[in-house]
Amino acid sequence: MEKAAFSFKRYHFDDIHLCFSKIDNPELELVFNPEGIFKEKSKTFELKLQFKAILVSTQEEIISVQCIAEFNFSDDVVTVADIPEFFYANSIAIIFPYIRSFISTLTLQANYNPLVLATMNLSSLKGTLKEHTTTSKE
């Protein structure tokens with residue numbers, strides 16, 4: 001059996017903003033901004049996926065969270081060029097359910113109607129993640 005190319009190690013949220021006081025119309029624009037750092041020495045990848053919900057009527061940001069996820073690569077991955085193409089879409093797909101759950105819990109615990117994100121296909125973000133990936137000697 002062939003060893004997996006990468007594995008999901010852990011995640012955490014390091015930047016959270018919630019401002020529901022300005023909601024006049026619940027129509028929201030959802031924005032996802034991915035970026036990554038490939039750490040050559042440790043063969044790890046740090047994915048930063050920022051989510052924002054913006055009011056369409058005023059363009060004011062009401063929710064912003066940034067999730068940091070860490071992935072380990074097999075010995076075959078030595079440089080950023082060795083990262084398999086499927087990793088970029090799959091890493092986002094792996095972390096999205098954690099963001100989705102966190103947003104629902106955050107809004108519910110703040111005593112607002114919970115914001116429940118629909119299940120989404122975010123594979124279109126793979127190119128953006130690849131473009132916004134840098135390398136570190138760590």
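A salt bridge is taken here as a side-chain nitrogen of Lys or Arg within 4 Å of a carboxyl oxygen of Asp or Glu. The model examined is a predicted one, and by this rule it contains 8 salt bridges. One of them joins the side chains of K9 and E70, with an N to O distance of 3.5 Å. Because K9 belongs to strand β1 and E70 to strand β4, this pair ties together parts that are 61 residues apart in sequence. The two partners differ in accessibility class: K9 is partly exposed at 42% relative accessibility, whereas E70 is buried at 18%.

E70 also meets the side chain of R10 in a salt bridge, at 3.3 Å from N to O. R10 lies in strand β1 and E70 in strand β4, so this contact ties together parts that are 60 residues apart in sequence. R10 is partly exposed, with a relative accessibility of 45%. K9, R10 and E70 are thus linked in a network of salt bridges.

A further salt bridge is formed by the side chains of K43 and D75, at 3.8 Å from N to O. Here the partners lie in loops, K43 between β2 and β3 and D75 between β4 and α1, so the pair ties together parts that are 32 residues apart in sequence. D75 counts as exposed, since its relative accessibility of 56% is over the 50% cut-off.

Aromatic contacts were examined next. The structure holds 19 aromatic pairs. Among them, Y11 and F13 are arranged edge-to-face, with 6.0 Å centre to centre and 90° between the planes. Y11 is partly exposed at 35% relative accessibility, while F13 is buried with a relative accessible area of 18%. F45 and F73 form another edge-to-face pair, 6.4 Å centre to centre with 85° between the planes. This pair links distant parts of the chain, with F45 in strand β3 (residues 44–55) and F73 in strand β4 (residues 61–73), 28 residues apart. F45 is buried at 0% relative accessibility, and F73 is buried at 8%.

Helix α1 comprises 25 residues (residues 85–109), for which a rise of 1.5 Å a residue gives an expected span of 36 Å; the end C-alpha atoms are 38 Å apart, which agrees. The helix bends by about 30° at I95, and a proline, P97, follows within four residues. I95 is itself one of the buried residues of α1, which also include F87, Y88, A89, S91, I92 and F96. Further along the helix, I99, I103, S104 and T107 are buried as well. The buried residues of α1 pack against strands β1 (6–18), β2 (28–39), β3 and β4, and also against α2 (126–131) and β5 (133–136). After α1 comes N111, which has a positive phi near 70°.

Cysteines were considered last. A search of the whole structure finds 0 disulfides. As to individual cysteines, C19 is partly exposed at 28% relative accessibility, whereas C67 is buried with a relative accessible area of 1%.

Key: Residues numbered from 1 in each chain as written. Predicted model: local features only at pLDDT ≥ 70, side-chain atom pairs only at ≥ 80, totals over all residues. Heavy atoms only, no water. Phe/Tyr/Trp six-rings, centres within 6.5 Å; stacked < 30°, edge-to-face > 60°. Buried < 20%, exposed > 50% of the residue type's maximum accessible area, 1.4 Å probe, protein only. Helix = DSSP H or I, 4+ residues; strand = E, 2+ residues; numbered from the N terminus. Expected span 1.5 Å × (residues − 1). Bend = angle between axes of the 7 residues up to and from the residue. Contact = heavy atoms within 4.5 Å. Disulfide = S-S within 2.5 Å.
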